[in-house]
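Student: Could you take me through how cysteines and a chain interface are read from a structure?
Tutor: Let us look at the structure together and then take one feature at a time.

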Amino acid sequence: MSTRDLFTFGNRHFRIGVGIVLGMLIVTAIAGFVVLPFAQPWVQFANVWDAICSAAGVPQRAASVTAPEQTKRLSEVVLTSHTLARPNQEAIGRGATLAQRCAICHGPTGVSRADSPNLAGQYAAVIYKELHDFRSGARSNAVMSPFAVNLTEEEIADISNYYAYLPRLPAYHPTPQLPKPNIVIYGAPMRGIAPCGACHGSLDNKTGSPWLEGQSEAYLKAQLQALASGERRNDISQQMRNIARAMTPQEVEAAAAYYASQPPDVVKAVD
Amino acid sequence: MLVNRKLILAHFWFAFAVFGVALTLGAWQMFIRSPIGTWLSNPELYYRSLTAHGTVMGYVFPTLVAMGFGYAISESALEQRLVGVRWAWTGFWLIVLGSIMAVIPIALGRASVLYTFYPPLIGNLFYYLGVVLVVVGSWIWVALMAINLRVWRKAHPDAPVPLAMFANVAGSYLWAWTAVGAALELLLQIIPVAAGLKNTIDAGLARIFFSWTLHAIVYFWLMPTYIAYYTIVPRAIGGRVYSDSMARISFILFLVVAMPIGMHHTFADPQVGAGFKFIHSAFTALVALPTLLTVFTICASVEIAARLRGGRGLFGWIRALPWDNPMMLALAFSFVMLGFGGAGGLINMSYQLDASIHNTQWITGHFHLIFGGAIVIMYFAIAYDLWPHLTGRELVDVRLIRTQLWLWFIGMIVTTFPWHWVGILGMPRRMAYFDFGDPAIAPQALSVTFSVIGGFILLTSGIMFIVILARGMRAPQVDAGPYRFALAVHQPTTVPVALNTHALWVALMIALTLTNYGYPILNLALGGGTSVPAVYVGAQ
């Protein structure tokens with residue numbers, strides 16, 4: 001028999017090979033797409049086609065179910081690692097003018113003496129996101145919210161670019177530098193807590209996560225507590241809330257004290 | 001008739017050199033996250049090392065062994081000088097270049113994404129380009145294997161293709177097609193993002209592409225091992241292959257069903273429909289068939305050797321086997337590890353059972369036992385068997401070879417059995433450290449400590465292997481004679497065209513890929529709205 005006759009039904013091997021494969025495929029498809037979907041008593045299908053679509057993973061929109069109404073607003077900011085990645089000088093200049101109104105709490109050089117966050121040299125994407133959240137109401141603060149509520153998209157971008165442009169000055173929290181506590185460097189694997197340093201510097205940075213070195217201890221602690229209690233909820237997919245809830249009060253203390261004691265110039269150079 | 005010995009030796013030496021480095025990294029990784037090591041203060045170093053270990057062991061080492069062995073088979077089984085030697089060297093240098101290109105960003109900490117790529121995590125562009133070069137280099141080998149077989153066929157129309165070459169070409173076709181999945185993932189998904197052309201990625205689709213490669217790549221790693229089972233072991237222990245047809249059917253079955261089963265790696269992924277997961281699960285069960293056929297055929301072949309040596313009785317013949325022959329020893333160890341690893345694999349492929357061990361250390365234990373154990377120990381055996389023919393020098397220290405094989409076997413069992421155990425207890429894989437001070441996992445500390453000891457036994461054995469081969473380069477010269485493969489009890493004079501060619505089976509392989517992967521891929525690729533922002537390694 002020549003190679004030409006290989007793909008003909010006259011060839012026994014062709015018949016057997018294709019027949020077995022096809023048979024297997026049909027049997028497994030019937031089992032996977034029809035029999036097994038109906039074998040799940042907790043799922044109701046209108047008809048066989050419905051079951052097949054479900055098993056095939058066809059995206060379905062359940063028309064009858066309405067999304068539960070959100071009592072509080074969630075963050076709607078979408079960040080990528082390219083957000084505000086290339087600011088121009090003009091934007092920074094405009095931001096400097098706009099930022100004069102921020103100086104009363106965040107300091108004229110972006111370093112706060114009022115337990116507000118230090119913004120000098122903070123990542124632009126971080127400030128951008130927080131301002132958006134304050135504006136939309138996803139995050140609220142009696143002092144901060146009124147400032148943010150009237151900002152335009154461009155103003156938010158300009159302010160973010162301006163603060164990101166400022167040099168990271170040593171903060172006004174002169175405490176001796178503490179060694180890295182376990183929660184910062186190892187997290188708590190058994191409670192599903194990733195190390196703080198995996199996103200907030202020390203080890204690595206993730207888009208949208210601020211560096212924390214030299215920030216006010218009282219501020220850091222208050223934010224962790226607010227995230228744990230659910231009072232603050234503008235973290236995407238509850239990333240920080242899940243962590244803060246699982247942290248012990250001692251870990252909150254340790255993390256806040258550690259970061260407050262670090263000079264910001266140790267922020268890992270990643271740019 | 002081994003003419004291009006330098007080419008084959010170059011493949012083997014580069015393979016074993018990078019294997020030595022990756023093995024050392026592996027042992028270090030085990031130590032550093034065990035109760036006897038101190039916690040790494042920087043987990044990134046662990047993932048860096050893990051990426052290097054996986055990339056070398058998954059892509060570079062087995063590919064080079066399969067290629068080197070493939071060239072040796074082509075020349076000696078077909079008794080024909082390799083056609084396209086220049087291309088073969090090009091392929092080799094592409095792999096060397098690709099490996100270096102991939103390893104530099106890893107070493108700099110710019111590509112700690114693990115060898116499974118892990119989108120939306122995105123590393124340095126050169127890491128991915130390096131991997132692409134490795135794959136392109138290996139595709140040259142695939143083409144050369146097909147061309148050499150074609151040239152031989154023209155000169156020997158209608159003659160049965162020697163089993164070793166038939167299997168070798170089946171393995172190369174399997175690799176060519178299965179590598180397409182990762183290639184699509186890299187070219188369509190990851191590289192545009194790594195190059196900065198896009199900043200979102202469909203991680204779910206990328207994972208499906210990778211599953212296309214991820215499972216059949218194991219069978220590509222396995223091919224040299226199975227070729228050694230069928231065509232080297234019986235000859236080396238003085239027996240014959242029980243059935244040439246059974247061997248061909250096994251390789252054909254691998255070709256057809258190794259490919260459309262990768263989604264059993266995505267059982268926990270929400271982007272794939274349950275129906276497709278079931279089909280993949282069922283076809284994965286089928287892939288046990290060629291392995292069972294092989295175990296039967298090889299046991300029968302070995303029994304033939306034992307009876308020829310005067311073995312008697314129902315099981316008495318086992319004692320008559322040449323147990324001091326390294327090839328016999330390697331085969332036995334390989335089978336034991338294949339048995340345990342295969343049994344574990346049946347659990348992984350079961351939709352329900354998988355849930356209990358998904359992403360635990362069990363999985364790490366499983367693939368180390370199968371690949372590092374059953375497969376790699378036969379790579380050692382292949383190297384030992386080929387070495388005198390490649391170097392023209394004798395491997396004198398058989399006792400050292402036996403010790404090396406014993407240590408590898410013991411080391412692999414001691415490493416992987418505790419891994420399986422702690423996996424059942426729930427220990428996750430891919431973690432840089434564990435807090436063994438925590439009462440919840442303190443009882444696992446002992447098992448993990450044992451596995452570290454196993455890791456260092458493996459390292460010792462690996463070093464011995466390289467030393468044995470290096471010493472073999474300086475041993476007294478001998479004439480090893482032509483390199484031969486095992487003959488069958490009934491050496492075929494004619495073979496049905498379906499068992500002598502690959503076309504039908506390659507067609508079935510591609511058809512099953514379309515049926516089993518077509519819809520899930522199209523669904524995600526055309527559906528839209530499933531991309532997420534990329535997370536760049538080391539970037540803010």
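**Cysteines and the interface**

Tutor: Bear in mind that this is a predicted model. We can begin with Cys199(A), which counts as partly exposed because its relative accessibility is 29%.

Student: Which cysteine sulfur is closest to the sulfur of Cys199(A), and how far away is it?

Tutor: A disulfide is a covalent bond between the sulfur atoms of two cysteines. For Cys199(A) the closest cysteine sulfur belongs to Cys196(A), and because the distance is 9.3 Å, the two are too far apart for a bond. Over all chains, the count comes to 0 disulfides.

Student: Is Cys53(A) buried or exposed?

Tutor: Cys53(A) counts as buried, because its relative accessibility is 14% and the cut-off for buried is under 20%.

Student: How many residues of chain B and of chain A are in contact?

Tutor: On the side of chain B there are 42 residues in contact with 44 residues of chain A. Between them the two chains bury about 3,600 Å², with 73% of that area on carbon and sulfur atoms.

Student: How many salt bridges, and how many residue pairs in polar contact, are found across this interface?

Tutor: The rule finds 0 salt bridges between chain B and chain A, whereas 5 residue pairs are in polar contact, both residues being at pLDDT 80 or more. On chain B, the elements that each supply at least two residues to the side touching chain A include α10 (274-286) and α18 (503-527), and α18(B) gives the most, with 10 residues. By class, that side of chain B has 30 nonpolar, 11 polar and 1 charged residues.

Note on methods. Residues numbered from 1 in each chain as written. Chains lettered and ligands numbered in written order. Predicted model: local features only at pLDDT ≥ 70, side-chain atom pairs only at ≥ 80, totals over all residues. Heavy atoms only, no water. Disulfide = S-S within 2.5 Å. Buried < 20%, exposed > 50% of the residue type's maximum accessible area, 1.4 Å probe, protein only. Contact = heavy atoms within 4.5 Å. Buried area = accessible area lost by both parts, 1.4 Å probe. Salt bridge = Lys/Arg side-chain N within 4 Å of Asp/Glu carboxyl O. Polar contact = N/O pair within 3.5 Å; in protein donor to acceptor, adjacent residues only side chain to side chain. Helix = DSSP H or I, 4+ residues; strand = E, 2+ residues; numbered from the N terminus. Nonpolar A, V, L, I, M, F, W, Y, C, P; charged D, E, K, R; others polar.
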